[in-house]
Amino acid sequence: MAVTKDLTKATPYEDANNKVAKWVFEYTYENDSEGDATYYKSVFNKTIEQAYTDMNGDAQSNFTLQGKGDFSKADLVALCPVSHWDAVFASQVDSVITNPVVSPTADESFSIPS
């Protein structure tokens, strides 16, 4: 099983000062190659706001307010919950490819015992 994963889209939303206030990410996972019996693909999406209010009502930030060109790919990936997505994708592959649910089959020839 060869799993590939990559940040496939990152859309910045800029404020009036051309600083990123929000990112919308698309992160794609693929198991094996398209056409293989074990091929599986899943796309995860996440929106990350720069500023938010925590449960105590305190202002917090997810990332430094800066221009979109100041972010590296590593910075963007670090904002994504990749370890969570890794676990979800592994579970999806397990339930769809490795250990799929087998549907029961009807036995139309069954006779009710007398």
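The legends below accompany several close-up views of a predicted model.

**View 1. The whole chain, from its strands to its helices.**
Let us start with the overall layout of this predicted structure. The chain holds five strands and two helices, and along the sequence they follow the pattern β-β-β-β-β-α-α. With a radius of gyration of 22 Å, well over the 13 Å that the globule rule gives for 114 residues, the chain is more spread out than a compact globule. Its C-alpha trace spans about 80 × 40 × 20 Å along the principal axes. Of the 114 residues, 23% count as buried. Among contacts with a separation of 6 or more, 50% are between residues 24 or more positions apart.

**View 2. An open sheet of three strands.**
Here we move in on the sheet, where three strands are arranged in the order β1-β2-β3 with antiparallel pairing. The edge strands, each pairing on one side only, are β1 (3-14) and β3 (40-49). From one strand to the next, the twist averages 15°. Strand β2 (residues 20-31) is joined to β1 by 11 bridges and to β3 by 10 bridges. To find your way across the sheet, try a few facing residues. K9 stands opposite E26 in β2, and T11 has V24 in β2 as its bridge partner. Towards the other edge strand, W23 is opposite I48 in β3.

**View 3. The hairpin turn at N18, and a second positive phi at D32.**
Strands β1 and β2 make a hairpin with five residues between them. N18 sits in the loop between these two strands, and its phi is near 60°, a positive value in a residue other than glycine. Is N18 buried or exposed? Its relative accessibility is 52%, so N18 counts as exposed, the cut-off for that class being over 50%. Follow the chain onwards to the loop between β2 and β3, and you reach D32. D32 is not a glycine either, yet it has a positive phi of about 60°.

**View 4. A10 and its surroundings.**
This view is centred on A10, a residue of strand β1. Its relative accessibility is 31%, so A10 counts as partly exposed. Which residues does A10 contact, leaving aside its neighbours within four places in sequence? They are W23, V24, F25 and L76. For a sense of scale, the C-alpha atoms of A10 and T28 are separated by 12 Å, and the two residues are 18 apart along the chain.

**View 5. The largest nonpolar core.**
In soluble globular proteins, nonpolar side chains tend to be buried together. The largest nonpolar core in this model has 18 residues, of which W23, F25, Y29 and F63 touch the most other members. Two or more residues come from each of β2, β3, α1 (73-79) and α2. Strand β2 gives the largest share, five residues. It is worth pausing at F63. Apart from its neighbours within four places in sequence, F63 is in contact with V20, A21, K22, W23, I48, E49, Q50, F71 and L79. W23, one of these contacts, is the residue that stands opposite I48 in β3.

**View 6. Helix α2 across the sheet.**
Finally, helix α2 (residues 82-98) lies across β1, β2 and β3, and runs at about 155° to β3. Which residues of α2 are buried? They are V82, W85, F89 and V93. Seen down the axis of α2, these buried residues fall within an arc of 75°, so they line one face of the helix. An α-helix has 3.6 residues a turn, so residues three or four places apart point the same way. The cover over the buried residues of α2 includes β1, β2, β3 and α1. Helix α2 is also among the elements that give two or more residues to the largest nonpolar core, which links this view to the previous one.

Note on methods
Residues numbered from 1 in each chain as written. Predicted model: local features only at pLDDT ≥ 70, side-chain atom pairs only at ≥ 80, totals over all residues. Heavy atoms only, no water. Pairing = 2+ DSSP bridges. Helix = DSSP H or I, 4+ residues; strand = E, 2+ residues; numbered from the N terminus. Axes fitted to C-alpha atoms, helices over the stretch in contact; angles between N-to-C directions. Contact = heavy atoms within 4.5 Å. Core = buried A, V, L, I, M, F, W, Y, C linked by side-chain atoms within 4.5 Å. Buried < 20%, exposed > 50% of the residue type's maximum accessible area, 1.4 Å probe, protein only. Arc of directions from axis to C-beta. Rg over C-alpha atoms; globule rule 2.2 N^0.38 Å.
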